[in-house]
Amino acid sequence: MRLREIPLTAWIGILGILFAFGCAVFAPLIAPYGEREIVAGVWEPASDLYLLGTDNLGRDLLSRLIYGAQTTLFVSLAASILSFSIGIFLSFTAAVSGGPIDQGLSRLNDLMMSIPTLIFALVVLAVLPQNIFILIAVMAILDSTRVYRLGRAVALDVAVMEFVEAAKLRGEGRMWIIFREILPNTLSPLLAEFGLRFAFSILFLSTLSFLGLGIQPPAADWGGMVKDNKDGIIFGIQAALIPGGAIAALAVCVNMVVDWLLKRTSSLKGGRGDV
Amino acid sequence: MANPLARVRATRHRLKETHPLSVLIAERLGLSLLLLWAVSILIFAGVEALPGDFAETYLGQSATPQAIANIRADLGLDRPITTRYFEWLGGVVQGDFGNSWASGAPVTEQITKRLGNSLFLAFFAAAISVPLAVGLGMVAVHYRNRIPDRVINVLSLAAISLPEFFIGYILIVFFAVQMGVATFPSTVYDNMSWSERLAAIALPTATLVMVVLAHMMRMTRAAIISVMSSAYMETAELKGLGAFKAIVKHAAPNAIAPIVNVVALNLAYLVVGVVVVEVVFVYPGMGQYMVDAVTVRDMPVVQACGLIFAAVYILLNMVADIVAIVANPRLRHPR
């Protein structure tokens with residue numbers, strides 16, 4: 001693959017993602033003010049001192065946005081990685097084992113997928129204590145059902161290949177077959193799927209935070225910032241639109257990269273549509 | 001000496017010979033009921049098994065063991081879970097979802113009113129978005145890989161990436177705050193006139209349409225393209241059939257199933273979109289009811305709403321499958 005073959009949209013996407021990660025990593029260096037520091041009056045307009053204005057408690061919006069990138073990116077990335085690990089491991093195990101293990105896991109997956117993700121998350125979060133690790137785990141487990149479905153389909157295609165059979169005859173264990181035979185040969189479609197899951201995690205986390213069930217204040221997070229500032233909208237104060245726009249821009253960037261990855265691996269099976 | 005099970009099997013086989021379609025549909029119905037029952041267990045028992053306790057959350061700092069025990073006894077939480085599950089299920093089957101822990105009022109009363117509101121909103125969103133999405137999908141296929149298709153593709157990719165609440169607030173800023181032509185918040189009351197009601201739901205409907213439109217259009221486009229590129233369409237063209245006749249006779253019957261499938265899947269997406277949109281627009285529907293209940297951990301309300309949302313979702317998926325079976329004879333005889 002040559003760098004020149006990457007289309008312009010994908011370049012924009014990659015640069016956008018890198019920019020967001022840059023903000024997250026160097027947040028304490030870039031941000032003009034502290035994350036929870038009250039610096040001025042409520043909802044002040046943008047000025048030289050406060051480039052994007054202030055929020056509903058008088059905190060600098062730009063600084064919150066930069067610190068919010070940390071939380072939003074960390075939680076969605078952690079959730080997608082965890083969801084991927086669970087989904088891939090279980091789906092490959094199902095595809096390699098077959099029989100009752102496959103049946104059991106697949107029917108359980110069907111059952112989990114018969115409840116819309118957001119509704120399931122609401123039911124579960126109503127019981128569980130509010131804490132960031134539980135949030136990541138809930139997001140990951142619910143999302144892993146989608147990874148499972150794709151992973152099983154892809155792995156079944158590979159599991160019947162001669163080299164897998166050869167490895168089985170050689171006497172390799174199940175773990176060897178999953179990680180050394182099947183995984184390397186399915187990386188390409190799975191990479192595109194990972195991008196999709198990441199974009200979905202960003203939107204899902206933002207939605208949960210917006211509903212007041214995700215990241216808890218005073219920690220900054222883009223969805224929560226929309227919630228904090230939404231009451232200003234009716235007075236013509238558009239502070240809520242800035243974090244909302246940041247979420248949208250990041251999701252667009254990830255989707256542009258995914259679109260390119262999907263085109264490269266046109267053999268990918270599995271839908272874009274997600275609930 | 002045939003045992004009952006073998007007799008059932010034989011009857012099923014005979015029925016399948018004479019009425020293959022009805023048997024398949026009946027099987028699909030049965031599967032949905034089974035799924036719904038499993039979901040009810042998951043929502044009730046699965047949730048009870050998780051750590052966390054309403055009584056402790058409710059009392060907060062002032063939770064003494066005695067107070068917690070009292071609340072648990074009041075709510076009947078001290079009885080075994082199987083008893084409570086069957087009582088709950090028995091009530092649900094008769095349309096009784098129990099009483100809210102937070103307010104003590106019957107859940108069913110609230111739900112009937114709010115479900116009506118939510119369905120009202122979802123109905124209008126579906127009535128607008130379905131024809132629009134199918135139409136745009138066809139336009140995109142017609143101009144495939146030319147400028148209109150590319151524009152639609154980029155715009156829909158952007159729309160997929162927008163969170164629902166962001167679309168909602170942009171519409172509010174634009175139409176309600178700056179131009180002043182729409183109403184916000186979109187609260188509806190009992191004694192509202194029909195036209196007032198329609199004016200109130202204009203913005204939430206528009207938001208929902210935008211949320212599902214892009215998904216539905218992209219999937220419709222893919223479905224039509226896969227039908228149009230099949231071998232029999234090429235044959236139709238080669239044997240000199242006109243484009244219109246080929247589409248009516250060959251493409252349409254084969255495209256119905258995938259398109260209906262796409263529509264049903266996205267209507268299911270609408271069900272979820274409703275939750276966020278109702279919160280944004282302060283619309284008194286099921287979604288807002290559920291989110292409010294989740295924040296105060298009012299479990300009977302959460303479980304009732306969760307079950308109803310899941311039921312609607314399962315129902316829509318079932319309709320999609322049944323239409324696919326009816327439209328496509330190949331699915332009736334699985335090999």
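Which backbone nitrogen does the side chain of D55(A) reach at 3.0 Å? The one that belongs to L57(A). Keep in mind as we go that this is a predicted model. The same side chain, that of D55(A), also reaches the backbone nitrogen of R59(A), there at 2.8 Å. As for where we are in chain A, D55(A) sits in the loop that runs between helix 2 (27-30) and helix 3 (61-97).

Is D55(A) buried or exposed? With a relative accessibility of 2%, D55(A) is buried, because the cut-off for that label is under 20%. Leaving aside residues up to four places away in sequence, D55(A) touches V42(A), W43(A), L61(A), R64(A) and N229(A). For a sense of scale, try the step from D55(A) to L73(A): the two are 18 residues apart in sequence, and their C-alpha atoms are 21 Å apart in space.

One of those neighbours, R64(A), deserves a stop of its own. Side chains of opposite charge can pair when their charged atoms come close. Here R64(A) meets D228(A) in a salt bridge, with 3.9 Å from N to O. R64(A) belongs to helix 3 of chain A and D228(A) to helix 9 (residues 222-229) of that chain, so this pair ties together parts that are 164 residues apart in sequence. The cut-off for a salt bridge is within 4 Å, so the 3.9 Å pair does count. The two partners are covered to unlike degrees: R64(A) is buried at 2% relative accessibility, whereas D228(A) is partly exposed, at 22%.

Now for the other salt bridges. Over all chains, a search of the whole structure turns up 13 of them. One pairs E172(A) with R170(A), where the closest N and O atoms are 3.1 Å apart. E172(A) has a relative accessible area of 25%, so E172(A) goes down as partly exposed. Over in chain B, the side chains of D321(B) and R28(B) meet at 2.8 Å, N to O. D321(B) lies in helix 13 (residues 299-327) and R28(B) in helix 2 (residues 20-49), both of chain B, so their salt bridge ties together parts that are 293 residues apart in sequence. D321(B) is partly exposed at 31% relative accessibility, while R28(B) is buried at 15%. Back in chain A, salt bridges with shared partners join D55(A), R59(A), R64(A) and D228(A) into one network. That brings our opening residue, D55(A), together with the R64(A) and D228(A) pair.

Let's zoom out to the annotated stretches of chain A. UniProt, in an unreviewed entry, lists residues 6-31, 73-98, 118-142, 194-215 and 235-262 of this chain under "transmembrane region". Take residues 73-98: the model has that stretch as 96% helix and 0% strand, with the end C-alpha atoms 36 Å apart. Residues 194-215 come out at 77% helix and 0% strand, and there the end C-alpha atoms are 23 Å apart. The unreviewed UniProt entry also places "domain: ABC transmembrane type-1" at residues 69-258 of chain A. Over that span the chain is 81% helix and 0% strand, with 20 Å between the end C-alpha atoms.

Chain A also has a nonpolar spot on its surface. Which residues make the patch of about 520 Å²? They are L8(A), W11(A), I12(A), L15(A) and L18(A). I12(A) is found in helix 1 (residues 8-25) of chain A. I12(A) has a relative accessible area of 42%, so I12(A) counts as partly exposed.

Finally, here is chain B as a whole. How many helices and strands does chain B have? There are 13 helices and 0 strands, and reading along the sequence gives α-α-α-α-α-α-α-α-α-α-α-α-α. The C-alpha trace of chain B spans about 85 × 80 × 35 Å along its principal axes. Chain B has 335 residues, and 44% of them count as buried. Among contacts in chain B with a separation of 6 or more, 72% come from residues 24 or more positions apart. As for its surface, chain B exposes about 17400 Å², with carbon and sulfur atoms supplying 66% of that area.

Conventions: Residues numbered from 1 in each chain as written. Chains lettered and ligands numbered in written order. Predicted model: local features only at pLDDT ≥ 70, side-chain atom pairs only at ≥ 80, totals over all residues. Heavy atoms only, no water. Patch = residues over 30% accessible without salt bridge, like charges linked within 9 Å, V, L, I, M, F, W, Y side chains within 5 Å. Areas by Shrake-Rupley, 256 points an atom, 1.4 Å probe, with all protein chains shown as cover. Helix = DSSP H or I, 4+ residues; strand = E, 2+ residues; numbered from the N terminus. Buried < 20%, exposed > 50% of the residue type's maximum accessible area, 1.4 Å probe, protein only. UniProt positions renumbered as here; feature names shortened; annotations may be inferred. Polar contact = N/O pair within 3.5 Å; in protein donor to acceptor, adjacent residues only side chain to side chain. Contact = heavy atoms within 4.5 Å.
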